[in-house]
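Please take a moment with the sequence and the model below, and then follow the paragraphs as they lead from the interior outwards to single residues.

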Amino acid sequence: MVLASQAQHGMWITEMMHGGGTAYHMPFAMWFDGPLDREAMLKACESVLARHPVLGCAFEDRDGELHLVPAADRPPVGFVRAADADGLLREEIARPFDLGRGPLARFTLAEVEPSRHLLLFVGHHLVFDGMSKDLLVRDLAAAYSGGPLPPLPMPYGAAAAIPPEAAAYWHEHWRDRPTVVIDGVAGTARTAGRGETVLFDLTGEMSGWEGIGVTRFELFLAAVHALLFRYGNAEPAVAVAMSTRRPETREHIGLFATELPLYSAPTPDTTLAELARDLRARLRELNRFRDIPAARAAGGIRPRPALAPVSISFRRRAADVVFPGLGLVAEWKMSNHMVRNVLHLQAVDGDDGLRLTLHHSSEVIGREHVERAGEHLRAVLAADPGLQLADLPLPAAAPVPASAPVKAPVLSAAAGAVDGDLVEAPVPGAATGAVDGELVEQVRQIWMEVLRIEELAPDEDLYDLGGHSLTITQISARIRKRLGVEVPFDVFLDDPTVAGVAAAVSELRA
């Protein structure tokens, strides 16, 4: 049993509160052509599981702290013959994980044809990230070739404090920007929803910027910010996926990534080059605090699937590896068929060029707008970096105020569907009613202990008081221990007050 990282804790409670569906499932398909040795490949999968113990873990809340514990069963490694590979992919991606029992990873080797095999890995994001894909392929190739795979120690377990400078940074920089305007449409994603994808090849456009002193990722980020600004977003907000790997964890499969919001404030006469260099400087400052989740450092941020309506994952793919006698095609950008915000841009930059997948929910923004946004992004990347933002070669689009109302899907772990419409399951404590005063006082005392404050009104909002994910689990743990009630985490979204939580406890006791 080891202590989970802050990033794992934040992701865990987000899924527990919102219900993630497949939003945190990370599928990775490897297609092999040639005379594959089935037993050697299955043994290679077992060797990878033995090398990376995090893949055999589950998560358990113990007295308000989240721990990695051994899963109830070993991660499955199976073989099937599957003429319908697409059906197998859909089924395995959709198959749920039990965070409390585990395991949170699985391998399926499928014989599609005698000389064509699919190896599908599906892992929960709590134990797997984008860079883990490269490590997975490398270790599989080594084991398949008969090489040794020495086991690695569990890479988690250290408690992390919030440095004062990190708290100060996020108190100054945090901006809540739930809505974004894209191609004239204002979109707001309140929780994870069913996702669709649009694919682009931007290899030809990622040239001509080399002389302005930024990386390919930084110029891509600047192009996205520039496009959002031209769409009418005065202060673009983009959540950026950042690696938190250190020298001691660079060989480990696991969750060593975070998503942090990055803001810009350009003007019409700002040039693309100036915006790129400004974002480079902002990234350098943000990088100092990449180990500290913004919600934990700043406090007062409600747990949510995404901290910004637009997000970017930009990853440089490692060099190809060799499986003796086999040809390999890996699907580096597989979709889990859900999206956690309005638009997610997943870019993989390899020796064969830059491939971009735009993930979106058609219930928030239509495919035609996403396709146009992709073409607009192509135009920005191909533009002269000395151009001012006002002069970018984009069609004039009537900006929509960011406050425009948008119907967004709301899904919960217990949500159901009636005739295709989404409905929310009732949350304990949602109904108002008389609650015993002594019970309210007991809950109030628990809140004051956890928040370390001396006075608290029953109607004060937990997040206005600086509450965050750890606060919620600590309050829940003390209620469970003292009052004998398991309060659903949904209550802390529906009515995050002492009175609201006390009402939920009263209802659950009835």
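In this predicted model, the largest nonpolar core holds 88 residues, and the members that touch the most others are Met30, Leu136, Leu140, Trp447 and Phe492. Helix H10, residues 437–451, contributes eight residues to this core, the most of any element. A second core, separate from this one, has 71 residues, among them Phe200, Ile212, Ala226 and Ala237. As a general background, nonpolar side chains in soluble globular proteins tend to be buried together.

Met30 gives a view into the largest core from one side chain's surroundings: setting aside neighbours within four places in sequence, Met30 is in contact with residues including His117, Leu118, Leu119 and Phe121, with Leu136, Val137 and Leu140, and with Leu328, Val329 and Ala330.

Helix H2 is a useful element to look at next. Spanning residues 38–51, H2 has 14 residues and reaches 20 Å from its first C-alpha to its last, which is close to the 20 Å expected at 1.5 Å a residue. The N-terminal end of H2 is capped by Asp37, a side-chain oxygen of which lies 3.3 Å from the backbone nitrogen of Glu39. Within H2, the buried residues are Met41, Leu42, Ala44, Cys45, Val48, Leu49 and Arg51, and the elements covering them include the strands S2 (25–33), S5 (77–81), S6 (105–113) and S7 (116–124), together with helix H4 (130–144). An α-helix has 3.6 residues a turn, so residues three or four places apart point the same way.

Strand S6 contains Leu109, which counts as buried because its relative accessible area is 0%, under the 20% cut-off. Apart from neighbours within four places in sequence, the contacts of Leu109 include Met41 and Leu42 of H2, as well as Gly78, Phe79, Val80, His117, Leu118 and Leu119. Pro96, by contrast, is 13 residues from Leu109 along the chain, and the C-alpha atoms of the two are separated by 19 Å.

What empty space is left inside and at the surface? There are three cavities of 30 Å³ or more, and the largest has a volume of about 100 Å³. Its lining includes Ile182, Val224, Tyr231, Val310, Leu358 and Gly374, and the elements giving two or more residues to that lining are helix H6 (216–230), strand S17 (343–350) and helix H9 (367–382).

The second largest pocket encloses about 790 Å³ of space. Of the 31 residues lining this pocket, Ala4, Ser5, Gln6, Ala158 and Ala160 lie nearest its centre, and helix H1 gives the most to the lining, with three residues. Gln6 belongs to H1, residues 6–18, and counts as buried because its relative accessibility is 9%. Beyond residues up to four places away in sequence, Gln6 touches Ala160, Ala161 and Ile162 as well as Asp291, Ile292, Pro293 and Arg296.

A few places in the backbone deserve a closer look. Most residues other than glycine have a negative phi, and most peptide bonds are trans. The peptide bond from Gly102 to Pro103, however, is cis, with omega near -10 degrees, and Pro103 sits in the loop between helix H3 (85–94) and S6. Asp183 has a positive phi, near 50 degrees, in the loop between strands S8 (179–182) and S9 (185–188), and this residue is buried at 11% relative accessible area. His337 also has a positive phi, near 70 degrees, but His337 is partly exposed, with a relative accessible area of 40%.

Terms used
Residues are numbered from 1 along each chain as its sequence is written. This is a predicted model: local features need pLDDT of at least 70, side-chain atom pairs count only at pLDDT 80 or more; totals for chains, interfaces and linings use all residues. Side-chain values use heavy atoms; hydrogens and water are left out. A nonpolar core is a set of buried Ala, Val, Leu, Ile, Met, Phe, Trp, Tyr and Cys residues joined through side-chain atoms within 4.5 Å. Buried means under 20% relative accessible area, exposed over 50%, partly exposed in between (1.4 Å probe, protein chains only). Contact means heavy atoms within 4.5 Å. The expected span of a helix is 1.5 Å times one less than its number of residues. A polar contact is a pair of N or O atoms within 3.5 Å; within protein, one must be able to donate a hydrogen and the other to accept it, and residues adjacent in sequence count only if both atoms are side-chain atoms. On a 1 Å grid over the protein atoms alone, a cavity is a set of points where a 1.4 Å probe fits but cannot get out, and a pocket is an open set with protein on both sides within 12 Å along at least five of seven lines; lining residues have an atom within 4 Å of a point. Grid points are joined across faces, edges and corners, and a volume is the space filled by probe spheres set on the points.
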